[in-house]
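This report describes a single protein model, taking up its main sheet, the helices that pack on that sheet, and one of its pockets.

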Amino acid sequence: MAVLALTLGVASLPWYAERPATPPRVVSAVVGAGPLRAGAAEAAFALPPGVPIGGFARRMYGSEGLRDAVGARAIVLATPGCKVVVASADVLLVPEAIEAAVRGQVSDLDIDGLFVTATHTHAGPGGYWESSAGERIATGPYDPRIRDAIATVIAVAIRRANEALAPARAAVARGTAIDLVRSRSGGERDGRLTVLRVEREGGAPVAELVVFAAHPTILGGANRRISGDWPGRLVADGRRGTRVLVQGAIGDQSPAGPESVSPERFG
């Protein structure tokens, strides 16, 4: 325990020098105009037996089967001259190598903006991050086959969503869900919730893009089964089409509620 605490402490030190504040700048811009088209899709991970669990520093990383299905989901929005994609996978984080692999596999789709993110589940598959520190304190032993499998499934979801492009309309709603979160640092709670809903012109649902910040750690470090934690339950509700979760950027927010709260209840 002492060695683990020391390792975490060293890993938490600010190893990168502070960069001076600079004004924001536009590095690229694409403009489109005309009718909106949208498509959404999902694809499930095909995981080898005993795949590591990513999310906590563990003495043992091997999993013992699936608790619930995990995979990737994508939504594509396009107007003439502009196409953007948001893809979210049931993993802890997205290393640069996975993002680069996904970009390479969908390079023929003429995508102007691609955002590949993670639900940040601490119970999802690991083994995909080639990092000496990251493997030990987060994602488990690296296996390039797992990395390639995850990247391929994300790309498959994007391709399916692109194939589903059809006329659509979109609406955005913003609200708060303060009662669902707590601040791990003791600061203010931040329950901001943003939802982009996309449907066909006749009202048929296409997708919901949800942005909400709360660490998916309900199952805890003792869990031995692969799971999407609470985001997995949230995206499983497909009454309004494919639901895509983007984990919010408020890093000290965790689910509120009793210790016995389940991913299903929170989701």
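How many residues lie between S3 and S4 in the hairpin that they form, and which residue in the turn has a positive phi? The model is a predicted one, and in it the hairpin of S3 and S4 has 2 residues between the strands, with Gly-81 in the turn showing a positive phi of about 95°. The two strands of this hairpin run antiparallel and are joined by 8 bridges, and Thr-79 has Cys-82 in S4 as its bridge partner. Of the 8 residues of S4, 7 are buried, so this strand is largely enclosed by the rest of the structure.

**The sheet**

The hairpin belongs to an open sheet of 8 strands with mixed pairing, whose order is S5-S4-S3-S1-S7-S9-S10-S11. At its edges stand strand S5 (113–118) and strand S11 (242–247), each of which pairs on one side only. On average, and with direction ignored, neighbouring strands of this sheet are turned by 20° against each other. In general, the strands of a sheet pair through backbone hydrogen bonds, in either the parallel or the antiparallel sense. The table sets out four of the pairings, each with its sense, its bridges and one pair of residues.

| Strands | Sense and bridges | Residue pair |
|---|---|---|
| S1 and S7 | antiparallel, 2 bridges | Ala-38 and Ala-166 |
| S1 and S3 | antiparallel, 8 bridges | Glu-42 and Arg-73 |
| S3 and S4 | antiparallel, 8 bridges | Thr-79 and Cys-82 |
| S4 and S5 | parallel, 6 bridges | Val-84 and Gly-113 |

Strand S1 covers residues 37–44, and its partner S7 covers residues 166–176.

**Helices on the sheet**

Helix H4 (residues 144–163) packs on the sheet, where it touches S1, strand S3 (71–79), strand S4 (82–89) and S5, and its direction makes about 145° with that of S1. Helix H5 packs on the sheet as well, touching S3, S10 and S11, and the direction of H5 makes about 150° with that of S11.

**The second largest pocket**

Rolling a probe the size of a water molecule over the atoms shows where empty space is left. The second largest pocket has a volume of about 190 Å³, and its lining is formed by Ala-177, Leu-180, Leu-193, Val-195, Glu-208, Val-210, Phe-212, Trp-230, Leu-234, Arg-243, Phe-266 and Gly-267. Two or more residues of this lining come from each of strand S9 (192–200), strand S10 (205–212) and helix H5 (229–236), and S10 gives the most, with 3 residues. By residue class, the lining of the second largest pocket divides into 9 nonpolar, 1 polar and 2 charged residues. S10 and H5, which both contribute to this lining, are also in contact with each other where the helix packs on the sheet.

**A loop residue**

Is Ser-262 buried, exposed or partly exposed, and at what relative accessibility? Ser-262 lies in the loop between strand S12 (253–255) and helix H6 (263–266), and its relative accessibility of 24% makes it count as partly exposed. Although Ser-262 and Arg-233 are 29 residues apart along the chain, their C-alpha atoms are separated by 9.9 Å.

Definitions and conventions. Residues numbered from 1 in each chain as written. Predicted model: local features only at pLDDT ≥ 70, side-chain atom pairs only at ≥ 80, totals over all residues. Heavy atoms only, no water. 1 Å grid on protein atoms, 1.4 Å probe; cavity = no way out; pocket = protein on both sides within 12 Å on 5 of 7 lines; lining within 4 Å. Points joined across faces, edges and corners; volume = space filled by probe spheres on them. Helix = DSSP H or I, 4+ residues; strand = E, 2+ residues; numbered from the N terminus. Nonpolar A, V, L, I, M, F, W, Y, C, P; charged D, E, K, R; others polar. Pairing = 2+ DSSP bridges. Axes fitted to C-alpha atoms, helices over the stretch in contact; angles between N-to-C directions. Contact = heavy atoms within 4.5 Å. Buried < 20%, exposed > 50% of the residue type's maximum accessible area, 1.4 Å probe, protein only.
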